[in-house]
Amino acid sequence: MPRLYLETYGCQMNVADSELITGALGRHGYETTHDPGQADVLLVNTCAIRDNAEQRVLGRMGELKRHKRPGTVLGVVGCMAQRLGPRLLERVPQVDLVIGPDGYRGLAELIARARAGERAADVALRGWEHYEDVPAERAAGPSAFVTVQRGCDYRCTYCIVPTTRGPERSRRLGDVVREVAALASAGTTEVTLLGQTVNSYHDGVHDFADLLRAVGTVSGVRRVRFTSPHPNDFSTRVLAAMAETPTVCEHVHLPVQSGSSAVLKRMLRRYDRGAYLGVVAALRRAVPGIALTTDIIVGFPGETDRDFADTLSLVEAVGFDDAYTFRYSPREGTPSLRLRDAVPDDVARDRLERLIAAVRRVARRINVGLVGSSHEVLVEGRARRGGLLQGRTRSNKVTVFEGPEEWIGTYRRVRLTGTTGSTFTAWPLTRELAVVG
Ligand code: SAH
Ligand code: SF4
Ligand code: F3S
């Protein structure tokens, strides 16, 4: 059997795509290996969101090419493959094939051609592609990602994703529910629905509210999560579905990007500071106690000290549980390249540092306030240190506690006993919680 070595970078969508790739090649007799030296096919599933993501992959390619023996195929897939296409073949002579996110159906065939000595790139965008008939091969465990939407129709001026992933399209609700039901009957209890603006999901008949209710009531499913929603797509129907579906977890990742309305306008985010705060308030009314995390970019062209102060004050005003923070990275072909008043590197670096400190301070305050409360956790495995178990609350807080190996994959109640500021220590309250349904 030919052996596949696959490395994945980027977002959860890429993790899910790698499961598709593994499944697609599995049908052609491939088995996976974790040792690149043993592989017949080496694939890197890449991300193009920021320049440093691409630099990391290029560095890694330099190492992986050492594992090429005669007949071994080295391929680049994913968003960076889509963005650079045939240019990647020129840039890295050891690369045999380049395939974008809509081309995985043809992967086995391109590999065969590469074996015969042909170097090829397939970066066609296929607006119909959902890989409906390709079975994803997932790691065993209670949690699964399920892609419900591909592509993006927003045009945020900094963002490469519309270029690398093409137009937005949604899977049919019935197909999603069938996949979730099959996962649940095989033991999955936590499902994360994926899409670039997942709450704009619409299959022509059903919207995201319908999808949440349908997936949330599949027998055996105890937790439903989704990522990433766009603030503009929280309709009253979606809010009601969240409020009325007990399996939908009390956590939303709600990318804000900036706290300044002027910057948001240049980013073409299609909401201003006030509208974002309105969405936060609506989410809190619908789901009391909901945890909110976000993405923030600093150093976007034209960002002034005042704009940045608005971002800092938004972090305080919302009280984010956590945030991913980035320095603006200019992406070739995106509209933001034409904006003037670039922010100098040292200024952006300084803002990033101050933002990270603010995020930590706010998160710590929230988390200290949670110590003493009790929560359901899904036990995910062993913690990295100390022989403890690690689990996650419905609000997505990571907790570590003592317990036997058999608890892994089950739901337990714990009381939070302390916090490092971001993660928690906890005390298990003994009884096992049954899976509903
Ligand atoms: N579809 C998601 C975001 C996907 S990209 C959404 O709209 O919410 C993940 C995050 O990367 C974004 O939220 C943004 O904060 C960041 N990002 C995207 N493009 C970037 C760029 N050019 N420079 C810096 N950060 C960027
Ligand atoms: Fe990029 Fe904006 Fe689409 Fe998110 S919504 S993927 S940030 S263009
Ligand atoms: Fe990166 Fe593509 Fe995801 S650019 S963030 S892997 S959609």
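Modeller: A note before we begin: the domain bounds used here come from an automatic or database domain assignment. The model itself is predicted.

Colleague: What distance separates the centres of domain 1 and domain 3?

Modeller: The assignment gives domain 1 as 3–122, domain 2 as 143–369 and domain 3 as 372–428. The separation is taken between centres computed over C-alpha atoms. For domain 1 and domain 3 the value is 36 Å.

Colleague: Which residue contributes a backbone N or O atom that lies 2.7 Å from a nitrogen atom of ligand 1?

Modeller: The shell of ligand 1 holds 15 residues, and Pro255, Gln257, Asp295 and Ser329 are among the closest. Side chains also take part: an N or O atom of the Arg50 side chain is 3.1 Å from an oxygen atom of the ligand, and a polar side-chain atom of Arg269 is 3.5 Å from an oxygen atom of ligand 1. The backbone atom at 2.7 Å from a ligand nitrogen belongs to Gln196.

Colleague: How much of the area that ligand 1 exposes when taken alone does the protein bury?

Modeller: Polar partners of this ligand include the side chain of Arg269, at 3.5 Å from a ligand oxygen. Taken alone, ligand 1 exposes 540 Å². The share of that area buried by the protein is 90%.

Colleague: Which elements give two or more residues to the shell around ligand 1?

Modeller: By class, that shell consists of 6 nonpolar, 4 polar and 5 charged residues. The elements that supply two or more of its residues are strands 291–298 and 322–327, namely β13 and β14.

Colleague: How many charged residues are in the shell around ligand 2?

Modeller: Ligand 2 is surrounded by residues including Cys152, Cys156, Cys159, Gln196 and Arg269. Of this shell, 7 residues are nonpolar and 2 are polar. The number of charged residues is 1.

Colleague: Which cysteines are among the residues around ligand 3?

Modeller: The shell of ligand 3 divides into 5 nonpolar, 2 polar and 1 charged residue. Asn14, Ala48, Ile49, Arg165 and Gln196 belong to it. The cysteines in this shell are Cys11, Cys47 and Cys79.

Colleague: Which elements give two or more residues to the lining of the second largest pocket?

Modeller: This pocket holds about 370 Å³ of space. Its lining has 17 residues, and those closest to the centre are Arg327, Tyr328, Ser329, Pro330 and Asp345. The elements that give two or more residues are α2 (51–64), β14 and α13 (345–370).

Colleague: Which domains each give at least three residues to that lining?

Modeller: The lining of the second largest pocket comprises 9 nonpolar, 4 polar and 4 charged residues. The domains that each contribute at least three residues are domain 1 and domain 2.

Colleague: Which residues does a cis peptide bond join?

Modeller: The bond in question has an omega of about -10 degrees. Ser228, one of its partners, lies in the loop between β11 (223–227) and α9 (236–244). The joined residues are Thr227 and Ser228.

Colleague: What is the phi of Asp341?

Modeller: Asp341 is found in the loop between β14 and α13. Although this residue is not a glycine, its phi is positive, at about 60 degrees.

Conventions:
Residues numbered from 1 in each chain as written. Chains lettered and ligands numbered in written order. Predicted model: local features only at pLDDT ≥ 70, side-chain atom pairs only at ≥ 80, totals over all residues. Heavy atoms only, no water. Near = heavy atom within 4 Å. Nonpolar A, V, L, I, M, F, W, Y, C, P; charged D, E, K, R; others polar. Polar contact = N/O pair within 3.5 Å; in protein donor to acceptor, adjacent residues only side chain to side chain. Areas by Shrake-Rupley, 256 points an atom, 1.4 Å probe, with all protein chains shown as cover. Helix = DSSP H or I, 4+ residues; strand = E, 2+ residues; numbered from the N terminus. 1 Å grid on protein atoms, 1.4 Å probe; cavity = no way out; pocket = protein on both sides within 12 Å on 5 of 7 lines; lining within 4 Å. Points joined across faces, edges and corners; volume = space filled by probe spheres on them.
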